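Student: Please take a close look at one part for me, the buried interior, and tell me which residues belong to it and how they are connected.

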Amino acid sequence: MNSRAPGILAVGRVKFFRRHRGEVTFSAFSPDGQTLLTASEDGCVYGWKTQSGHLLWKLGGHTGPVKFCRFSPDGRLFASTSGDCTIRLWDVAEAKCLQILKGHQRSVETVSFSPDCKQLASGGWDKRVTLWEVQSGQMLRHLAGHRDSIQSSDFAPNSDCLATGSWDSTIHIWDLRAGTPAISHQELKGHTGNISCLCYSAAGLLASGSWDKTIHIWKPSTRSPLVQLKGHITWVKSIAFSPDGLQLASAGYSKMVKVWDCNTGKCIETLKGALDVAHTCAFTPDGKLLVSGAAD
């Protein structure tokens, strides 16, 4: 999907990445936009050349479905989570596993790198958030407070805070600054279903998508959403801010991806390029391309 004018996205040439043997659960672009990472229920992580669609690698190792994947902000590493209760840290240049992080008792559903690439946060069905040191793979601490499975996470742009979303329908904002007791200093309420996805903008706004079919955009210093986005007919599976923070893309558990104006809350485009359930969406770093991963 290419930009045809400021604020408007057009459905252009659609490229398909067809080598998966299971549903695509998540996708992520490298910081330079040259590589697309996809996670699949077939237990593998795939790397693709964005422009050509050429398969760079198919990495096995997980013994369960891969639930989530994410590049580090510097593009040197990526992490994958799985139903096998582990997180794997991978080296991008050599396409090899560097570390296997163990400590969760149930499926790991989300992982996030801090902006400085020094810490990793993970969460899953054991209801706790775990912080890890990236370089050593050492577990740093657990953050307890959610009453149900943790399904989503994202670090604030300044690394001071971590947002996590849960099946308990709440968002917790954790204060990670040195010397703080690492307790949830804010609990954002307003959704009536699982918080399936979270995303910070570069300016520090937080977007949350839920099984209640809505998206909220928050200013984390307040407890009320700035904008509520309504229009999905099924639960919201994935959200992504455009690099300039003016637009938000959302994939629902349906055959469409929506693009919203963050200021007005209006849907400015509905993209119907997926052949099956659209599981995930992401902008390239230059904001010119949007990708959706589907169950087919």
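**The buried interior**

Tutor: At 16% relative accessibility, Cys117 counts as buried, the term meaning under 20% relative accessible area, with exposed over 50% and partly exposed in between (1.4 Å probe, protein chains only). This is a predicted model, in which local features need pLDDT of at least 70 and side-chain atom pairs count only at pLDDT 80 or more, while totals for chains, interfaces and linings use all residues. Residues are numbered from 1 along each chain as its sequence is written, and side-chain values use heavy atoms, leaving out hydrogens and water. Cys161 is likewise buried, at 17%, and a search of the whole structure for disulfides (cysteine sulfur pairs within 2.5 Å) finds zero.

The largest nonpolar core, meaning a set of buried Ala, Val, Leu, Ile, Met, Phe, Trp, Tyr and Cys residues joined through side-chain atoms within 4.5 Å, has 25 residues, of which Leu37, Phe78, Ala79, Ile87, Leu89, Phe113 and Leu120 touch the most other members. Among the strands (DSSP runs of type E, at least two residues, numbered from the N terminus) that each supply at least two residues of this core are E4 (35-40), E8 (77-82) and E7 (66-71), and E7 gives the most, with four residues. Leaving aside residues up to four places away in sequence, the contacts of Leu37 (heavy atoms within 4.5 Å) include Phe26, Trp57, Cys69, Phe71 and Phe78. A second, separate core of 13 residues includes Ala207, Ile217, Phe241 and Trp260.
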